[in-house]
Amino acid sequence: MREFFMVGGRKLSYLDFGGPGEPLLALHGHYNEASAFAPLAGALAPRWRVIALDQRGHGESDRAPGYERDDYVADLLALHRHLGVGPVPVLGHSLGGVNAYQFAARHPDEVSGLIVEDIGAVVDCDWSFTTRLPRTAPSRGALSCALGAAAPYLECSFRQSDRGWGFSFGIEDTVASQKALCGDHWDDWTAVSCPTLLVRGTRSDELTAGHARDMVARGGRRTRLVELPAGHVVHHDAPERFAAEVMAFLSGP
């Protein structure tokens with residue numbers, strides 16, 4: 001079920017996949033939106049009730065005047081308070097992964113467990129792909145064709161308007177967000193105190209094996225690394241194994 005709430009005069013949207021299970025907050029990456037977690041929500045039900053946020057500037061949430069680190073963390077805190085839940089596990093992919101571990105570091109009483117999918121403690125974004133995205137296309141098929149091999153990863157964000165087919169995110173907003181994501185976030189990563197699962201795709205062009213191992217070493221005993229045969233979007237490339245690792249982590253002691 002899609003729900004909305006207001007933060008500072010802006011509308012934020014989220015999908016509550018429902019069910020009797022315990023809540024799990026999920027945060028998508030750039031180019032995606034909450035609906036990207038529909039397969040994972042189905043795999044984790046009924047034990048877990050996935051609640052996925054359309055992060056600012058994505059999906060059905062409003063565009064925002066800024067996309068800084070503190071902005072994303074504040075949105076997540078607002079969602080947590082809106083839901084009225086206690087400490088919950090938080091899962092994030094890429095952009096959402098940094099948002100998740102920064103939220104866990106800065107609001108430790110609200111997070112019981114952390115799952116970070118294929119993003120590092122130091123981020124160096126390349127937004128050249130973003131600037132090459134087609135602004136519009138005459139049909140959904142034409143948009144898919146223009147994207148080529150990337151189409152399956154972005155199709156949840158396809159939208160039709162009176163100008164044709166495009167995306168539920170803005171190109172300029174995404175570039176601004178990617179620029180703000182870049183940087184050294186080691187202080188937040190090492191400040192996380194809850195149990196943490198770091199998931200890396202072995203074919204990832206974002207998170208190297210060496211950096212992932214450094215994150216585990218500096219995360220201490222609270223952190224475990226799982227590597228799956230996938231690219232950057234592990235939950236898309238290896239959905240069954242990803243869901244199984246998430247379930248095992250969430251069910252652990």
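How many of the 253 residues of the protein count as buried? The answer is 56%, and this is for a predicted model. The views below start with the whole chain and then move in.

**View 1. The whole protein, with its 11 helices and 12 strands.** The C-alpha atoms sit in a box of roughly 50 × 40 × 35 Å along the principal axes. For 253 residues, a compact globule would come out with a radius of gyration near 18 Å, and the 17 Å found here agrees with that. Look at who touches whom along the chain: among contacts with a separation of 6 or more, 73% link residues 24 or more positions apart.

**View 2. The surface and its charges, about 10,600 Å² exposed.** Carbon and sulfur atoms supply 51% of that area. As for charged side chains, there are 24 positive and 31 negative ones. The centres of the two sets lie just 1 Å apart.

**View 3. The largest nonpolar core, 43 residues in all.** Phe-5, Val-90, Tyr-101 and Leu-114 have the most contacts inside this core. Zoom in on Leu-114: setting aside neighbours within four places in sequence, its contacts include Val-90, Ala-100, Tyr-101 and Ala-104. Also on the Leu-114 list is a run from further along the chain, with Cys-194, Pro-195, Thr-196 and Leu-197 among them. Apart from the 43-residue core lies another one, of 25 residues. Leu-15, Ala-41, Leu-197 and Phe-249 are among the members of that other core, and Leu-114 is in contact with two of those named, Leu-197 and Phe-249.

**View 4. The cis peptide bond between Ala-45 and Pro-46.** Omega is about 0 degrees here. Where does Pro-46 lie? Find the loop between α1 (38-44) and β4 (48-54), and Pro-46 is in it.

**View 5. Ser-94, a residue with positive phi that is not a glycine.** Its phi is about 55 degrees. Ser-94 belongs to the loop between β5 (88-93) and α3 (95-106). Is Ser-94 buried or exposed? With a relative accessible area of 10%, Ser-94 falls under the 20% cut-off, so it counts as buried.

**View 6. Asp-118, with a phi near 55 degrees.** That is a positive value in a residue other than glycine. The loop to look for runs between β6 (111-117) and β7 (122-123), and Asp-118 is found there. Loop or not, Asp-118 counts as buried, because its relative accessibility is 0%.

Definitions and conventions:
Residues numbered from 1 in each chain as written. Predicted model: local features only at pLDDT ≥ 70, side-chain atom pairs only at ≥ 80, totals over all residues. Heavy atoms only, no water. Core = buried A, V, L, I, M, F, W, Y, C linked by side-chain atoms within 4.5 Å. Buried < 20%, exposed > 50% of the residue type's maximum accessible area, 1.4 Å probe, protein only. Contact = heavy atoms within 4.5 Å. Helix = DSSP H or I, 4+ residues; strand = E, 2+ residues; numbered from the N terminus. Rg over C-alpha atoms; globule rule 2.2 N^0.38 Å. Areas by Shrake-Rupley, 256 points an atom, 1.4 Å probe, with all protein chains shown as cover. Lys, Arg positive; Asp, Glu negative; His and termini not counted. Charge placed at Lys NZ, Arg CZ, Asp CG, Glu CD.
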